[in-house]
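Dear colleague,

Please find the structure below, handed over for your own examination. My notes on what was found in it follow directly after.

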Amino acid sequence: MRPEAIYELFERLTRRAELPRAVVPHMARRAFGSNVSDAGGRLDEVQALLGQKNPESARPYVIPAQARLREAVERVPSPRELHGRGEL
């Protein structure tokens, strides 16, 4: 499939879905990279699946989900949990 045809397809689908902003193929690529990461994929796996030569090239595609960020915050113990209920 030609790249122009993919862009045209996304443009038609955006209009058909009556989305407020254009959806472009690169957004799908970013979402895929983030989904692989959120599912536990490592950076080298994201790199390989996206066809990147350099592992660092895949880093911008790894965008953590808000739920994962919240879980990370919840795993950090509070000072009271670390040092008991007394004075710090």
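The buried residues of helix H2 are Pro25, Gly33, Ser34, Val36 and Ser37, where buried means under 20% relative accessible area, exposed over 50% and partly exposed in between, with a 1.4 Å probe and protein chains only. Helices here are DSSP runs (H or I, at least four residues; strands are E, at least two), numbered from the N terminus. This is a predicted model, in which local features need pLDDT of at least 70 and side-chain atom pairs count only at pLDDT 80 or more, while totals for chains, interfaces and linings use all residues. Residues are numbered from 1 along each chain as its sequence is written, and side-chain values use heavy atoms, with hydrogens and water left out.

The buried residues of H2 pack against three elements: helix H1 (3-16), helix H3 (43-50) and helix H5 (66-75). H2 itself covers residues 25-38, and its 14 residues reach 20 Å from the first C-alpha to the last, close to the 20 Å expected at 1.5 Å a residue; the expected span is 1.5 Å times one less than the number of residues. Just after H2, Gly40 adopts a positive phi of about 100°.

The packing of H2 and H3 can be described further. Their axes lie 9 Å apart, at an angle of about 145°; axes are lines fitted to C-alpha atoms, for helices over the stretch in contact, and angles run from 0 to 180 degrees between N-to-C directions. H2 passes H3 in a right-handed crossing, that is, with the near helix turned clockwise from the far one by less than a right angle (anticlockwise would be left-handed). On the H2 side, Arg29, Phe32, Gly33, Val36 and Ser37 meet Val46, Leu49 and Leu50 of H3, contact being heavy atoms within 4.5 Å.

Val46 also appears in the largest nonpolar core, whose five residues are Val36, Val46, Leu50, Ala58 and Tyr61. Such a core is a set of buried Ala, Val, Leu, Ile, Met, Phe, Trp, Tyr and Cys residues joined through side-chain atoms within 4.5 Å. Setting aside residues up to four places away in sequence, Val46 touches Gly33, Val36, Ser37, Ala58 and Val62.

As to charged pairs, the structure holds six salt bridges, each a side-chain nitrogen of Lys or Arg within 4 Å of a carboxyl oxygen of Asp or Glu. One of them joins Asp38 and Arg68, at 2.2 Å from N to O. Asp38 lies in helix H2 and Arg68 in helix H5, so this pair ties together parts that are 30 residues apart in sequence. Both ends are partly exposed: Asp38 at 29% relative accessibility and Arg68 at 33%. Another links Arg59 with Glu56, the closest N and O atoms being 2.9 Å apart; Arg59 is partly exposed at 46%, and Glu56 is partly exposed at 47%. A further bridge joins Glu4 to Arg2 at 3.4 Å between the closest N and O atoms, with Glu4 partly exposed at 46%.

Finally, H1. The end C-alpha atoms of H1 are 20 Å apart, which agrees with the 20 Å that its 14 residues should span. Thr14 is found in H1 and counts as buried at 10% relative accessibility. Leaving aside neighbours within four places in sequence, Thr14 is in contact with Leu19, Arg21, Ala22 and Val23. Just after H1, Glu18 takes a positive phi of about 55°.

With kind regards
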